[in-house]
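Let's walk through this model together, going from its overall layout down to single residues. Keep the 3D view open as you read.

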Amino acid sequence: MKYDHIIVGGGTAGCIVAARLSEDPARSVLLLEAGPDFPDFTQLPDMLKLGWGTVNLEARAAGSPYNWSFTGQATPEQAAPMPVPRGKALGGSSAINGQTFIRGAPEDFDAWAAEGNGGWSYLDCLPYFRKLENDADFHDDFHGTDGPVPVRHHQRETWPALQEAFFQAATAAGYPYHPDVNHPEATGISQRAENNIDGVRMSMALTYIAPVRHRLNLTIRPNVQVNRIVLEGRRAGGVEVASGGDTFVVEGGEIVLCAGAVASPQLLMLSGLGPARQLRELGIPVAAELPGVGQNMRDHPNTTVRFRVKDGVPEDPNAMRALRLRYTATGSATPHDMILSPASLNTVVRDDNPAHTVNCGLYLAAGQGELWLTSADPNAPPAMNYRYLENPWDLERLREAVRLCMSFLEGDAYAPYIEEIIAPTPADLETDAALDAWLRRNVSTSYHISGTCKMGPDNDPMAVVDTRLRVRGVTNLRIADASIMPDVVRANTNVTTMMIAERVADFIKADG
Ligand SMILES: Cc1cc2nc3c(=O)[nH]c(=O)nc-3n(C[C@H](O)[C@H](O)[C@H](O)COP(=O)(O)OP(=O)(O)OC[C@H]3O[C@@H](n4cnc5c(N)ncnc54)[C@H](O)[C@@H]3O)c2cc1C
């Protein structure tokens with residue numbers, strides 16, 4: 001068996017790369033996905049299909065059949081391991097995610113370019129953001145209207161009372177209203193863009209793969225786990241996979257790793273590509289020393305303020321999240337490093353406690369974590385230490401975010417609705433030290449892990465891929481997923497991952 005292109009992992013990026021490369025009938029494309037595939041929409045399980053309400057949260061719950069159910073350490077103060085969900089089905093994390101559809105800020109990509117990643121400025125990336133979307137509400141030079149991914153916003157007349165209260169509180173505090181969150185100049189409070197149509201989560205399996213399944217040059221193999229990349233010297237020649245209890249080797253002209261920011265570095269290390277000392281300790285022969293693999297682990301640390309509402313406040317069965325507030329922390333040189341989002345469902349699920357919430361997120365943390373192999377066994381999950389809030393600047397900004405959120409919740413806009421703020425308690429808020437301790441106990445992942453195989457210029461020893469996403473030190477191997485981000489963008493990561501995938505498909509086509 002030999003294919004021109006083997007795509008490892010059918011998640012957000014893998015679905016896009018497979019769909020774009022197979023546009024050329026002369027290319028044979030094999031898409032390998034460890035999880036199941038549901039080619040018939042009527043067979044798609046509700047927890048993958050329904051993106052509103054609470055049913056969609058079942059897919060990401062620990063132990064769900066569509067979740068790898070990794071764990072990591074958030075801070076030393078948290079004794080219990082933090083759940084780290086990643087999607088395991090065709091569509092990957094886009095099949096279990098929250099469908100927030102927000103591009104990175106222009107400053108994110110301009111910073112990547114300024115670090116030596118030529119060709120990755122905002123203006124370089126903009127055509128790809130336009131190419132992938134079909135925005136029903138905003139039509140201008142920044143938006144796409146004929147891409148595969150449908151994008152919608154909740155119009156103001158549909159906002160539940162608690163969303164309207166958040167809007168009133170934020171505008172009363174002086175934040176401007178800019179409805180289009182994906183406009184490059186948007187700041188303040190905006191409508192949250194969403195890739196959800198009539199309650200259906202528009203995953204990359206539905207948007208990119210469903211329309212092209214008939215292609216004879218595209219082979220999709222679900223329930224196949226890649227164990228390692230087969231290297232012939234320094235050339236990637238294929239992959240070793242586990243399928244139905246047997247092991248196979250499949251040959252490929254080029255391998256594109258799209259296994260996500262946990263599994264892509266894991267697969268590199270299992271193949272002998274990574275920090276040499278770590279690999280030797282596990283008895284893995286070193287094929288090429290790449291010290292950056294698994295380092296630079298980025299995410300958006302967040303915490304959740306929780307409150308109970310008065311009797312009679314209407315429930316919202318769809319748990320609509322219509323808004324978000326992007327602002328710049330006091331004294332910050334990086335604009336829009338903070339996001340407040342009302343009624344995030346994350347902690348409801350984590351704590352099994354039906355409180356209403358406002359999520360406070362640090363969207364450009366100074367700190368970073370790391371990921372490493374614990375075993376040469378491909379079935380052993382890697383270890384992850386997020387090291388949240390070790391940097392005092394991160395702690396200071398998240399503390400300010402919680403106090404800002406409290407000022408909203410204790411103000412006039414919310415007065416008709418709030419019975420009691422449950423967390424943090426008045427004692428937690430009494431001093432900065434008390435609040436810092438509460439934050440360390442209650443900070444968690446936004447599910448936006450990225451950066452673990454970062455892109456960088458030739459003079460960066462920690463760069464894992466070059467600016468055309470080729471893995472350094474070997475040939476015929478690229479990575480295209482959330483792991484290549486040099487730093488996490490100031491936004492949820494799915495749209496930026498889509499853009500990366502769209503770009504690598506063009507790189508591959510151009511490179512022959
Ligand atoms: C619960 C949750 C909620 C989120 N909410 C949002 C949101 O609302 N908005 C947003 O923008 N972002 C959100 N994100 C983040 C976003 O979904 C991810 O950044 C994005 O999907 C990453 O895409 P990827 O291609 O890098 O990885 P993934 O989409 O995770 O794809 C990796 C794929 O590789 C497969 N794979 C892994 N290892 C192997 C192997 N050895 N062999 C074969 N296949 C393998 C996996 O099964 C998976 O299908 C969320 C993520 C999660 C988990």
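Helices and strands here are DSSP runs, a helix (H or I) having at least four residues and a strand (E) at least two, and they are numbered from the N terminus. With that numbering in hand, you can find threonine 425 in the loop between strand 24 and helix 11 (426-429). Please keep in mind that this is a predicted model.

Let's stay with that loop for a moment. Threonine 425 counts as exposed because it has 11 C-beta neighbours inside 10 Å, and a residue is called exposed at 12 or fewer. Its C-alpha atom is separated by 9.8 Å from that of arginine 306, although the two residues are 119 residues apart along the chain. Proline 424 sits in the loop between strand 24 and helix 11 as well. The peptide bond that joins alanine 423 and proline 424 is cis, with omega at about 0°. That deserves a look, since most peptide bonds are trans.

Now zoom out to the whole chain. The domain assignment gives domain 1 as 2-103 + 201-297 + 449-511, and domain 2 as 155-191 + 302-364 + 389-442. Between their C-alpha centres lie 32 Å. In the contact between them, domain 1 takes part with 11 residues and domain 2 with 14 residues. The side of domain 1 that touches domain 2 is mixed in class: 4 nonpolar, 4 polar and 3 charged residues.

Next, turn to helix 5 (residues 161-172). Its 12 residues should span 16 Å at 1.5 Å a residue, and the end C-alpha atoms are indeed 16 Å apart. The buried residues of this helix are Leu162, Gln163, Ala165, Phe166, Phe167, Ala169 and Ala170. What do the buried residues of helix 5 pack against? Their partners are strand 8 (188-191), strand 19 (323-327), strand 20 (338-342), strand 21 (356-362) and helix 10. After helix 5 comes glycine 174, with a positive phi near 100°.

Helix 10 (residues 392-409) is our next stop. For its 18 residues the expected span at 1.5 Å a residue is 26 Å, which agrees with the 26 Å between its end C-alpha atoms. Its buried residues include Leu395, Leu398, Val402 and Phe408, and also the charged Asp394, Arg397 and Arg399. Among the elements that cover the buried residues of helix 10 are helix 5, strand 18 (302-309), strand 24 (418-423) and helix 12.

How do helix 10 and helix 12 (residues 432-442) cross? Their axes come within 10 Å at an angle of roughly 100°, so the two helices are roughly perpendicular to each other. Helix 10 brings Leu395, Leu398, Arg399 and Val402 to this contact, while helix 12 brings Asp432, Leu435, Asp436 and Leu439. By class, the residues of the contact are 5 nonpolar, no polar and 3 charged.

Finally, look at two backbone details. Most residues other than glycine have a negative phi. Aspartate 198, in the loop between strand 10 (196-197) and strand 11 (200-201), has a positive phi of about 50°. Histidine 336, in the loop between strand 19 and strand 20, has a positive phi of about 60°. Are these residues buried or exposed? Aspartate 198 is exposed because 7 other C-beta atoms lie within 10 Å, whereas histidine 336, with 21, is buried.

How values were computed. Residues are numbered from 1 along each chain as its sequence is written. This is a predicted model: local features need pLDDT of at least 70, side-chain atom pairs count only at pLDDT 80 or more; totals for chains, interfaces and linings use all residues. Domain bounds come from an automatic or database domain assignment. Two residues are in contact if their C-beta atoms, placed from the backbone, lie within 7 Å. Axes are lines fitted to C-alpha atoms, for helices over the stretch in contact, and angles run from 0 to 180 degrees between N-to-C directions. Angles under 35 degrees count as roughly parallel, over 145 as roughly antiparallel, 65 to 115 as roughly perpendicular and the rest as oblique. The expected span of a helix is 1.5 Å times one less than its number of residues. A residue is buried if 20 or more other C-beta atoms lie within 10 Å of its own, exposed if 12 or fewer, and partly exposed in between; C-beta atoms are placed from the backbone.
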